[in-house]
Amino acid sequence: MPINIHGKEYFTVNERLGMLNEKYGQIRYSIKTDIKHLNQRVVQKAVNSNGGEAFSYEDEVIVTATLTLFFAKDGEVHTREYTGHAHE
C-alpha cells in the first residue's frame, strides 16, 4: 500500500521489490544506499527580552539508492543500474 508524502503517493522499497519480482520472476539484484549529507539546520531563531537566544532545528538528509539488476542474455550476464535520490 503506497504512503502519502506531501500529497504524493509513494511505494516503499519493499513494495517496489515485490512488484519487480511479480513482473520478472526471481531476478537477482542488489541495492546500495549511501547517505550523502546529514545535517541539522536552524529553522527558527527567537530572542527573548533578556537577549537570550533559542533555536529550533530540523534534520536534513540526502540519500542515494542504486538498484542493480543482473540478468542473463545470449549466454552472458548483463547488468542495469537505476539510481534514485531522496532529500528529506
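Student: In this predicted model, is His-6 buried or exposed, judged by its relative accessibility?

Tutor: The relative accessibility of His-6 is 76%. A residue is classed as exposed when its relative accessible area is over 50%. On that criterion, His-6 counts as exposed.

Student: Where in the chain does His-6 lie, and what is its approximate phi?

Tutor: His-6 is placed in the loop between β1 and β2 (8–10). Most residues other than glycine have a negative phi. His-6 is not a glycine, yet its phi is positive, at about 50°.

Student: Which loop holds Asp-74?

Tutor: Asp-74 also merits attention for its backbone, since it is not a glycine but has a positive phi of about 55°. Its relative accessible area of 71% makes Asp-74 exposed. The loop that holds it runs between β4 and β5.

Student: What confidence does the chain average, as pLDDT, and which element has the lowest mean?

Tutor: The average pLDDT over the chain is 84, and 98% of the residues score at least 70. Among the elements, strand β5 (residues 76–87) has the highest mean, 89. The lowest mean, 80, belongs to β3.

Student: Which residues make the nonpolar surface patch that includes Tyr-29?

Tutor: Tyr-29 is located in strand β3 (residues 28–47). Its relative accessibility is 33%, so Tyr-29 is partly exposed, and a patch residue needs over 30%. The patch covers about 260 Å², and its members are Val-13, Tyr-29 and Ile-31.

Student: How many salt bridges does a search of the whole structure find, and which residues meet in a salt bridge?

Tutor: The search finds one salt bridge. Its N to O separation is 4.0 Å, and the cut-off is within 4 Å. As for its partners, the lysine, Lys-32, counts as exposed at 51% relative accessibility, whereas Asp-34 is partly exposed at 27%. The side chains that meet are those of Lys-32 and Asp-34.

Student: Which element supplies the largest share of the lining of the largest pocket?

Tutor: The largest pocket holds about 740 Å³ of space. Its lining comprises 23 residues, and the closest to the centre are Phe-11, Val-13, Arg-16, Ala-65 and Gly-84. At least two lining residues come from each of β1 (3–5), α1 (13–24), β3, β4 (53–73) and β5. The largest share, six residues, is supplied by β5.

Student: Is Leu-69 buried or exposed, and what separation is found between its C-alpha atom and that of Arg-28?

Tutor: Leu-69 belongs to strand β4. Its relative accessibility is 9%, and values under 20% are classed as buried, so Leu-69 is buried. Along the chain, Leu-69 and Arg-28 are 41 residues apart. In space, their C-alpha atoms are separated by 6.1 Å.

Student: How far apart in space are Glu-58 and Asn-39, C-alpha to C-alpha?

Tutor: Glu-58 has its place in strand β4. With a relative accessible area of 35%, Glu-58 is partly exposed. Glu-58 and Asn-39 are 19 residues apart in sequence, and their C-alpha to C-alpha distance is 8.4 Å.

Notes:
Residues are numbered from 1 along each chain as its sequence is written. Side-chain values use heavy atoms; hydrogens and water are left out. Patches are made of residues with over 30% relative accessible area and no salt bridge: like charges are joined within 9 Å, nonpolar side chains (Val, Leu, Ile, Met, Phe, Trp, Tyr) within 5 Å. Accessible areas come from the Shrake-Rupley method with a 1.4 Å probe; for residues, only the protein chains shown count as cover. Helices (H or I, at least four residues) and strands (E, at least two) are DSSP runs, numbered from the N terminus. Buried means under 20% relative accessible area, exposed over 50%, partly exposed in between (1.4 Å probe, protein chains only). pLDDT is the predictor's confidence in each residue, from 0 to 100. On a 1 Å grid over the protein atoms alone, a cavity is a set of points where a 1.4 Å probe fits but cannot get out, and a pocket is an open set with protein on both sides within 12 Å along at least five of seven lines; lining residues have an atom within 4 Å of a point. Grid points are joined across faces, edges and corners, and a volume is the space filled by probe spheres set on the points.
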